Amino acid sequence: MPNMTNHHWDIVHKEMGKDAIKLSFKDNCQLTLAKDKFTATRYDNFLSLSLAIRDRIVERWIKTQQRYHNEKVKRVYYLSMEFLIGRLLGNNILNLGLWREVKGALQDMGLDLEEIREQEVDAGLGNGGLGRLAACFLDSMATLGIPAHGYGIRYEYGIFHQKIVKGNQVELPDEWLKHSNPWEIPRPEYTVRVRFYGRLHSYRNKQGLSVVKWKDAEEVLAIPYDTPIPGYKNDVVNTLRLWSAKSTEEFDLDYFNHGDYERAVYNKMFSENISKVLYPNDMVSQGRELRLKQEYFFTAASIADIIRRFKIDHADIRKLPERAAIQINDTHPSLGILELMRILIDEESLEWEEAWDIVVRTFGYTNHTVMPEALETWPEPLFRNLLPRHMKLVEEINFRFLKKIEKKFPGDLDRLRRMSLIEEGNPKKIRMAYLAIIGSHSINGVSQLHTSLLKSEVFKDFFTLFPERFNCKTNGITPRRWLQKANLRLATLITDAIGYKWSTNLGELERLLPLKDDPAFRERWRDVKLKNKRFLSKYIRKTMKVSVSPESLFDVQVKRIHEYKRQTLFGLYIISQYLKVKNSPGDFHIPRTFILGGKAAPGYFMAKLIIKFLCNVARVINQDKGVREKIRMVFVENYRVSLAEKIFPASDLSEQISTAGREASGTGCMKFMMNGALTIGTFDGANIEMAEAVGRENIFMFGLNAEEIQDLKMEGYYPRDYINNSPVLKEILNLVQKNFFSPQEPGIFSPLLDNLLNADPFFVCADFDAYCAAQNTIAQLHKNDPDEWIRKSIINVAKSGRFSSDRTVEEYARDIWNVPIVRP
């Protein structure tokens, strides 16, 4: 904390005390909301408390930004299409160090903090790991004192609200802004005009230089909304700036006066669709165009804002890389490379080579994809129509780049084809990942395996050309939200045992290791887990109308639904356990509660069918009274950040069973680990590094590795061979085929079954028996040596320090951004 006079310390102490918080709460309720204790609703109480907390953040926010300006610091700009920030009230109270004071103030007024926190709606501005990683990084950058700004889109509707109706996913609008958002502050004075469409006019100026003007473009206003991001107990507050689209005209008065009211507001509605919804359906052409618009909209506004801020203190645009580091989170913001190039050439009148050098030294690119087919591309006609100037820049960048390739590898036409930014075909496509690679000085993967695959397979040609640019930055999670806040019972036990320093130095958790052999500490550890399981059991009973036993083993897989994540494999194993209880109850070792959750993309047929399959299996199991005491299964509805905070602390076993070589990293695995769950996992993503950290004896690894899967592909993979050699799997698939799990909907699972029998692209059948064997080992350990289970749980938490996002962000700061950190 900065040096302060005693007088200032007194002011801070008073404003942060219980009585001051009570006073602020009452003032906000009466003076801002015009309510009293008789008329205030629960949501009013949430708003009153949030505004009281925001007041204490804002003072630090202003001082932080003034210091950045006065010291002319180098700033980090983190551009991401997703920021899955969830609820903010609890996180902000925690980071200000006010948990005890706030809880006490509310108790004095007859209110409960947990009840008030439940009134907040999750800000679902992301789909999964990409957006949650961005949110964790914001927390870590603020906690480490890094001058940073996040940039994204203020979606009016975030990731959809999921309902399960007769086993089917139904998508409902996520109206997170239906009520007021107390954390954001609009900044209309920093509005940016963003252009689309139009035409190009080329000419030579008086100096004989070629000039290109982008004319007759349509304009949309980008309105910024700022959310403060406080660091942990260090008085640093950074900014998340989200852009909202607004039409340049409210309505056309001429149409209105002639009675054409729909046409009068058409342009307004069309323009403002840009920030309406997260991930529009890109199965149709209008959806694809809207998605491209979204990507350019927020990157163009952000680049303009970055340059505006830079020019407040610096006149020479050539100094930009010394004062700004722009990190793009996956390929979605890679249009920022073109936009900065456009500004440097068209508006700052720099020569091409000088402008390109500035761009490359400013940008860093984080890749999150190991599947080449998932790399983002845009049809050239769409790109050219929407962004004509940027298409010209793509063509010029590609021309110059391929000339260098030709010079280095003369006559290698196939290499030119492979590395071109423009993929040949009908239509031609713009390869955005390739643009991000050649336009950035750093390209990083997010786990060791992922980075290795980028170098050896996905971007092999580019690694050959730019080996110095590629590096690994294994993902991490913030321990403040995912342990200290989400699992207060365990956090308290840890702090009582080893002190509080682990909150900002997670390596301190290793001091827990000697305590694994202390019977009294193990018993307290076990008691914490049981209480967390009881809490989750009550939630499941209340929301799902299913009773589950906290004494059973909670076996959990919660994540985005995708074939490569292999929820199907988990479902098949659950059926095998159901059959074991029915046919050989003596072989079933421990009662289990299987918990699943996650959302499928609305246009992803197979993922939605997997949800239906899992829900139907759950219905059969839960309605069978003969197995009720030994096995239960629930698919939790509308999985989101706030629900994850209930699930991770209560989990015994974490399912990380994706096909090896498909998961870039994964961060859910880290959240389970940090909360004391043991992991059953494949040799994929961060699982490998987790196994290195805890030791192979403290994690349950199984299945084919990435190299073995590649070999099997080359040799020819025939899933029926594995099915025929596995009596259990064969019996399960026969049941599915005979509609045992769909008697009222015969044949509904035929596409899923046909895929497993004839293709099985994610090697579910190949790994099934090895998975069952690993699960049997787990059951034996949990039944026969519960003390050893607790020891392994303690070891997993103790060794989770390397998976803190603080460590990850430190590496970015040191190796990529070249900015200092200040540990609290």
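Trainee: Why is leucine 172 called partly exposed?

Mentor: In this predicted model, leucine 172 has a relative accessible area of 36%. Buried means under 20% and exposed means over 50%, so with 36%, leucine 172 is partly exposed.

Trainee: Where does leucine 172 lie, and which nonpolar surface patch does it help make?

Mentor: Leucine 172 lies in strand E6, residues 168-172. Together with Val165 and Val170, Leu172 makes a nonpolar surface patch of about 200 Å².

Trainee: Okay, on to helix H13. How do you know that its span agrees with its 13 residues?

Mentor: You count 1.5 Å for one less than the number of residues. For H13, residues 335-347, that gives 18 Å, and the end C-alpha atoms are 17 Å apart, so the two agree.

Trainee: And what makes H13 largely enclosed by the rest of the structure?

Mentor: Buried means under 20% relative accessible area, and 11 of the 13 residues of H13 are buried, so the helix is largely enclosed. Among the buried ones are Leu335, Leu338, Glu339 and Arg342. Just after H13, serine 349 takes a positive phi of about 60 degrees.

Trainee: Which residues have the most contacts inside the largest nonpolar core?

Mentor: Those are Phe383, Phe459 and Trp817, in a core of 139 residues. Helix H11, residues 285-313, gives the largest share of this core, 11 residues.

Trainee: What is phenylalanine 383 in contact with, leaving aside its neighbours within four places in sequence?

Mentor: Its contacts include Leu292, Trp378, His390 and Met432, and also Leu335 and Leu338, which are buried residues of H13.

Terms used: Residues numbered from 1 in each chain as written. Predicted model: local features only at pLDDT ≥ 70, side-chain atom pairs only at ≥ 80, totals over all residues. Heavy atoms only, no water. Core = buried A, V, L, I, M, F, W, Y, C linked by side-chain atoms within 4.5 Å. Buried < 20%, exposed > 50% of the residue type's maximum accessible area, 1.4 Å probe, protein only. Helix = DSSP H or I, 4+ residues; strand = E, 2+ residues; numbered from the N terminus. Contact = heavy atoms within 4.5 Å. Patch = residues over 30% accessible without salt bridge, like charges linked within 9 Å, V, L, I, M, F, W, Y side chains within 5 Å. Areas by Shrake-Rupley, 256 points an atom, 1.4 Å probe, with all protein chains shown as cover. Salt bridge = Lys/Arg side-chain N within 4 Å of Asp/Glu carboxyl O.
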